[in-house]
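Grab your viewer and work through these exercises with the model open. Each one sets a task and then walks through a solution.

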Amino acid sequence: LLKEPRHAVISRKDADSEQIYKVLKQIPASDLFSSAAFGGKDLMFSDSITDLIELPKIMDSFLYQREDYYEAMRALRAGNPPAPPQDGKIEWCTVGHAEQQKCDSLQIPRMECRRASSVEECIQKIMRKEADALAVDGGQV
């Protein structure tokens with residue numbers, strides 16, 4: 001058994017996770033999970049991924065990510081985050097230039113790509129409600 005989840009798409013609790021899942025499932029796997037066209041590896045998603053799986057509603061992030069993840073997230077919290085936008089737009093956090101290029105090239109309606117310098121910065125953006133989601137390897141959280 002793996003000590004931690006291998007991969008996860010993380011979203012804010014008040015984000016519409018069903019909408020995020022539906023939008024991502026509309027993108028051909030060859031576009032979503034391949035980074036070759038952008039001169040990188042594992043951009044936004046691991047290149048080895050072949051499909052997304054929606055977790056059952058009963059499976060919350062605490063059950064999936066485990067207590068260690070929650071402790072790390074608690075350590076990042078600071079201040080009162082602003083209210084989430086009500087326009088239904090998905091703010092996807094990318095790490096680095098090549099991942100930003102890939103995200104922009106997907107041209108997903110109502111999804112905007114927000115660049116950060118690290119996974120940690122993306123997690124902070126989600127905590128501050130400046131981004132809705134990012135894809136990470138389980139070892140990065």
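## Exercise 1: Strand partners

In this predicted model, W92 stands opposite C113 in strand 3. Work out which strands are joined here and how the chain gets from strand 2 to strand 3.

Step 1. Settle the vocabulary: strands (E, at least two residues) and helices (H or I, at least four) are DSSP runs numbered from the N terminus, and two strands pair if DSSP finds at least two bridges between them.

Step 2. Strand 2 (residues 90-95) and strand 3 (residues 111-116) run parallel and are joined by six bridges.

Step 3. Follow the chain: it leaves strand 2, passes through helix 4 (residues 97-106) and arrives at strand 3, a right-handed β-α-β crossover. Right-handed here says that, with the strands pointing away from you, the path from the first strand over the helix to the second runs clockwise.

A housekeeping note: residues are numbered from 1 along each chain as its sequence is written, and side-chain values use heavy atoms, with hydrogens and water left out. Local features need pLDDT (the predictor's confidence in each residue, from 0 to 100) of at least 70, side-chain atom pairs count only at pLDDT 80 or more, and totals for chains, interfaces and linings use all residues.

## Exercise 2: The core

Find which residues have the most contacts inside the largest nonpolar core, and which elements feed it.

Step 1. Such a core is a set of buried Ala, Val, Leu, Ile, Met, Phe, Trp, Tyr and Cys residues joined through side-chain atoms within 4.5 Å; buried is under 20% relative accessible area, exposed over 50%, partly exposed in between (1.4 Å probe, protein chains only).

Step 2. The largest one has 20 residues, with I20, L24, L32, F45, W92 and M111 making the most contacts inside it.

Step 3. Helix 1 (17-26), strand 2, helix 4, strand 3 and strand 4 (133-137) each give two or more residues. Helix 1 gives the most, with three.

## Exercise 3: A loop residue

Is M44 buried or exposed, and what is it in contact with?

Step 1. Locate M44 in the loop between helix 2 (29-32) and helix 3 (61-76).

Step 2. M44 counts as buried because its relative accessibility is 2%.

Step 3. Beyond neighbours within four places in sequence, M44 is in contact (heavy atoms within 4.5 Å) with W92, T94, E99, K102, C103, L106 and A135.

Step 4. Check the Q100 C-alpha: 8.4 Å separates it from that of M44, although the two residues are 56 apart along the chain.
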